[in-house]
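Here are a few short exercises to help you find your way around. Have a go at each one before you read its solution.

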Amino acid sequence: MCQSCHVRAVSTYRTAGSDGQQPGTTGEGAAGLTTHAPQAANTVTLPGSLDEAVEALAAMPAAVPVAGGTDLMAAVNSGLLRPAALVGLGRISEIRGWQYQDGHALLGAGLTHARMGRPDFAALIPALAAAARAAGPPQIRNAGTLGGNIASAAPTGDALPVLAALEATLIVAGPGGSRREIPVGHLLAGFEMLGPGELIGYVRVPLLHAPQTFLKATGRTGPSRATASVAVVLDPARRHVRCAVGAVAPMPLRPLDAEAWVSSLIDWDGERTLAPEACAAFGEYVAAACIPDPAPEPVLEAAQSPQHGEPGTTLPPAVLHLRRTVATLARRALGRALA
Amino acid sequence: MTGMGGSAGAAGIPDLPGMAPSAPATPAEPPTHGLGVSLPAADAAAKTQGVFPYAADLWAEGLLWAALLRSPHPHARIVSIDTSAAAAMAGVRAVITHADVPGDAAHGRGVADRPVFASELVRHHGEPIAAVAADHPDTARLAAAAIAVEYELLEPVTDPEQAFAAEPLHPDGNLIRHIPLRFGDPEVTGEVIVEGLYRIGRQDPAPIGAEAALAVPRPDGGVEIYTASTDPHADRDLAAACFGLAPERVKIVVTGVPGAMGDREDPGIQLPLGLLALRTGHPVKLAATREESFLAHPHRHPTLLRYRHHADAEGKLVKVEAQILLDAGAYADSSAEALAAAVSFACGPYVVPHAFVEGWAVRTNNPPSGHVRGEGAMQVCAAYEGQMDKLAARLGIDPAEIRLRNIMATGDLLPTGQTVTCPAPVAELLRAVRDFPLPALPLDDSEADWLLPGGPEGAGEPGAVRRGVGYGVGMVHMLGAEGADEVSTATVKVTGSVATVICAAVETGQGFSTLARQIVQEVLGLEEVYVAPVDTDQPPCGPAAHGRHTWVSGGAVERAARMVRTQLLQPLAHQFGMSHELLTIADGKITSYDGVLSTTVAEALDGKELWATAQCRPHPTEPLDDTGQGDAFVGLAFCAVRAVVDVDVELGSVRVVEMAVAQDVGRVLNPRQAHARIEAGITQGIGAALTENLRTNGGLVRRPDLTGYSLPTSLDTPDIHIVKLVEERDVVAPFGAKAISAVPVVTSPAAVAAAVRAATGRPVNRLPIRPQSAVSSNAGGLGG
C-alpha cells in the first residue's frame, strides 16, 4: 500500500480534543499515555469592564491579561510562555478612548497605536502620536496598545520616552474597585510594581499646548525597533523643556541637568527660539548624560589622553556612534520643537 | 484564445475551453504560451490564496512530533548524555542520539565530515545532539529539554585568522581548502598601487518558510521523507547512508519550497526525522522554529579580503594581489566550491594581466556556511569594486570610466587561464546603466514626498542628507564548476492534447516548472502542459543552484519534447510522403508547411501515449590545479548596477533611492519571471549591503529572529529599473539563455557600497554598511 496516500495537508495540527483518540495506535508503558493537552474553552475570559477584569484576575491568579497581544502572543507562539488562562482586555470599551480631566487627558490603556497616530490625537499630544506612528508596521499598530507598551516595558518601546518626558501618571485598577496612581517613571524604574490582580487602567498625561517631538533612529527605512529615540516636550506654563531618551538603557533616561540648562536659555515669554549652537550643545549634553564616559581608570588612562580630555576615547566605536546618534536626535528634536 | 484562425481541424474539438467564445481571426494577437511569453506560474493562485501545501502543512495518520536538542555552546566536549528522564516522560515514543545512527555517522556534500548527532564534540551553536519523537509537539520539546547533557566547555575558535594556528576542530584539520592562484609575472608592479581590507558579514538566506519535514516509514522497512529539498537525490543518498539502507529504500518527496536562496532544508532535520520514523514505525514531523532555522542552515561565508591593485597612470590594471579568507563554520559543506568561485573571480570582469590570489576556507566554531546565491563571487565583488573606486579616486578618473578602461570582453582570459568564450557584453551593460537618466533630486518637491533615510516616521533631516551614485559590475559562473558532472534527465509524455513533464528539477521559486511548460509548449505546440511533482523515484537532476536547471534540466526537457515530436510526426510524415520537418504543431493542430494537410494532435495520437526521456550534459570542466589554473567553468553571466543612495550623514542611515540594472541574460525566456528574479536578487543584495548580518558573540548567535536580523522591507526596496537585458545568445546553452537570479545578488551590494562611498567620502570597506561607517562630516546639504 502506498504510504503517501496517508499524507495530506491540513492547516493546523490536531489535538486529541478535536480529533478523538485512536485506541489502536497507542503503544505500551509510558509511551502509551497521551500528552495532548485538553484545551478547555473556559480559560479565556473577556470581561466588559475594568473592574470585571480585575475580578477575573483575582479569581484566577495564574491568568495573564492580554490586550493587543503583540508581545505576549509572540512569546506564547514561540513556547516561551504558557499562560494557564487569559483575560482579554479587548472588550473593555471604557479604556479604548480618552477623556479630559483638569487640564489633563485621561488616556485609556487600551488605546491602540493606530488610534493614537490619528490627527485628532496628534493635535492633543503630538509626541505620543509620533511615537505611535513609528511603532512598527500597521498590523502591529492596529493591535498594540498604550497600556501594553507600558506593561511589557521593552527598552525599545516607543511610547515610553514620550510618557517619561510628559511625566505621565498611571492609574492602576485594583481589587475591590480601588484605584491608585503611579508615576510612569516609578513603574519603569521598578520603584513601584503592579501588585497581583492590578491592571493599568488609564494614563494621565498633561495637555501642554506646546510643540513636542519624538524622533527615532533605526537600522532600516522600513518599520524597525529603535536603536535610540528622543522625546522633547515644551512645558511653557512651568517654563521647562523636558526630554527623555529611549532604547539606550533598560528604561527611558531623563537628562535633568541638560533640561534645566536649556530651559534657562529659552525666552519663554518671547520667541522661544534658540541658536543652532545651543541646540547642538543641548544634544551633546543629553548624549553625554545618557551615555557617560566609563569611570576614569586610575593613572594610565589619564596619562594617555591628556591633551583636551577628549571624551569617550575609551568607549568602543559602536557606543560612540550611539552617543553621536543620541546627540543628533536630541539636537534635531529640540530644534524642531522650537522651530 | 489563441490567434490561429484556421477552422479546418477545429471540428473535432469544438468545446475546448477558451476557444469557443469569440475566437475572431486576429493573427496579430500575441502568443499566450511558448518561449518568450510571460506565462504565469501554475501554482501562483494557490500560493497567493494560502492553500498551497508546504511541508509544514502535511499531516499523516498516527503522526508523531519531533524536537531536536541543539547545542547551547559553540565548542564543547560532550562528557555524557542522559536520555532516561526524557524517555520516561509520558507521550514520548523515542529518544535517539549518535548511538542510534545505524549507518554512516557522518554526512556532507563532497566531504562527509558532519555527524548526524554530535557525539564527542559540538562544533557550533545549534548543532543537533539528540532527537525526540512524541505525540505532541510541546511534549517533544519538553522531553528534548529534559535530556541531560554534561559538557566540558572548550574555547571556541571564532576568528578565522586564528583557525590556522588553533588546535584542529575536526579530524580533517582546520584548513578546508587553499588555492594559491598564480597568473603572470609576480615581479611586475604598477605606477599606482591601492590597498584595501574588506570584511563581508554573514548573510542568512532567511527563507520565508522555515525548514520542515515529515518522515513516513514504509512497509518494506524503508522511509519516505516529505520536505522542500532543492537537491533531493543528494539528500536521499546522504540519508540512505546514515540510515544504513539502500538508496532505493529511501524516497524523498519534494513538497512546495517556501523560499530558497541557496541550499534549502537542513539534513540536520531530515536525518533525525527519518531515524525516528524508522525507530517508531510512525510518521514523524518537525517544523523548525525561526530560531532553529537561523542556527542550523547554511549561511553566506563571512569573508576577510585583503587587496592590492597595481595600475598604470591611465588606470589600466597591471596586477592584482589578493588574500581571501572564507569562514566556513565547523563543517566543509560547499566551502571548497565557494572558494573556487571567490579566487577565480577575485579580479572581477576586468582584464588583469598578472594576478596572484591566495584563498583559504577554514573551519571555525561559527555558524555553518554553505551555498547561498552567488557564494564566493559576492564577497570578492564588494572588494574588487571597492578597489576600483579607490583607484578612480587616486587617479581622478570617473568611477565608471576606469571600469570601462579595464572591462572584459569575449576572448579575454580569466586569471584561471580560462578563455571567456561565452558572450561577455560587460561594457555594454556598464554604459547602459551609466547613461540611464539619474533620478530627480527632491529639492523642489515638498518634504512629504521625499522618503528620507530612516523612514517616514524617522529622524531624517533634509539638510543632513547627501546623495551618492555608485557602480558595481559583477560576474558569476553557471552550473557546477571544476569537473562536477552536470547532468539532468527529463521525461515528456503526451496523451490526448496534454503533455506531462517528469523531471526531478525542483521548482524553488526560480520558475523552472513554468519554464518547462513553456519549453514543451514551444516544441510540441500544446498549450496544456503539466509538470509532475518531484521525488527521487525520478532520475536525478542535481541541485537547484547556479542556474543549472534553466540550462541543464531545461535542455533535457527540450530534447525529450523534440523526441516526442519526432515520434508523433514521423508516421504522419510518412503517410503524407514528406519530411516531418515540414510539419508544424500549433494549438494542438498539425499542419503541413503548405497548409494543405491538417489534423489534430489527438487524432494523430489515436489514443496512444508517447513517452520520451532525454538527458542534457554540458561540456565537461576541469578542476583548478595547484596554481589555480584550469577551465573550471561552463559559462559566465554578468551584470552592471548603478546605485543611487541618500545618506543622513549625521546618523549614518542609508536609503537606496534607485537601482539601475543591466544584465547579460543570453535570451529572455519569460520576461515577467526574468524581471521578478532580477528585482528579487537586487533586493537580497540591498539586504546584504545594509542590514543583513547574523551576528555572533564568541560563536553564539545573537538574536536569531527576524527582529534582530533585519531583512529589507518594501520601504527599503527602491525603484529598480531594469535598463537593459542584453540578449546575446550563448551558443552552448539550450535556447542561449543564461542564469538570471544570482548575478544581481553578487553585484548590487558592491554598487550600494560605492554609492555610500560617493555620498560620504568614507572608505566603506565592510558589509553590511554600519551606520558609524556612513557618518561623515561632509558639509553642505543635498545639492548645496
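Three exercises with worked solutions follow.

This is a predicted model, in which local features need pLDDT of at least 70 and side-chain atom pairs count only at pLDDT 80 or more, while totals for chains, interfaces and linings use all residues. Residues are numbered from 1 along each chain as its sequence is written, and chains are lettered from A and ligands numbered from 1 in the order in which they are written.

**Exercise 1.** Work out how helix 9 and helix 16 of chain B are arranged.

Step 1: find the helices (DSSP runs of H or I, at least four residues, numbered from the N terminus; strands are E runs of at least two). Helix 9 of chain B spans residues 377-395 and helix 16 of chain B spans 742-760.

Step 2: look at the axes, which are lines fitted to C-alpha atoms over the stretch in contact, with angles from 0 to 180 degrees between N-to-C directions. These two come within 8 Å and cross at roughly 30°. So helix 9 of chain B is roughly parallel to helix 16 of chain B (angles under 35 degrees count as roughly parallel, over 145 as roughly antiparallel, 65 to 115 as roughly perpendicular and the rest as oblique).

Step 3: check who touches whom, contact meaning C-beta atoms, placed from the backbone, within 7 Å. Helix 9 of chain B brings residues including Met378(B) and Asp389(B), and helix 16 of chain B brings others, among them Val745(B) and Arg757(B). By class, this contact has 10 nonpolar, two polar and three charged residues (Ala, Val, Leu, Ile, Met, Phe, Trp, Tyr, Cys and Pro are nonpolar, Asp, Glu, Lys and Arg charged, the others, Gly among them, polar).

**Exercise 2.** Now do the job again for helix 6 and helix 9 of chain A.

Step 1: helix 6 of chain A covers residues 126-134, and its axis lies 9 Å from that of helix 9 of chain A, at an angle of about 170°. That makes the pair roughly antiparallel.

Step 2: Ala127(A), Leu128(A), Ala131(A) and Ala132(A) of helix 6 of chain A meet Ala159(A), Val162(A) and Ala165(A) of helix 9 of chain A. The contact has seven nonpolar residues, no polar and no charged.

**Exercise 3.** Track down two backbone details, at Glu167(A) and Pro768(B).

Step 1: Glu167(A) sits in the loop between helix 9 (159-166) and strand 7 (169-173) of chain A. Its phi is positive, about 50°, though Glu167(A) is not a glycine.

Step 2: Pro768(B) is in the segment after strand 32 (766-767) of chain B. The peptide bond from Leu767(B) to Pro768(B) is cis, with omega near -5°.

Methods:
Two residues are in contact if their C-beta atoms, placed from the backbone, lie within 7 Å.
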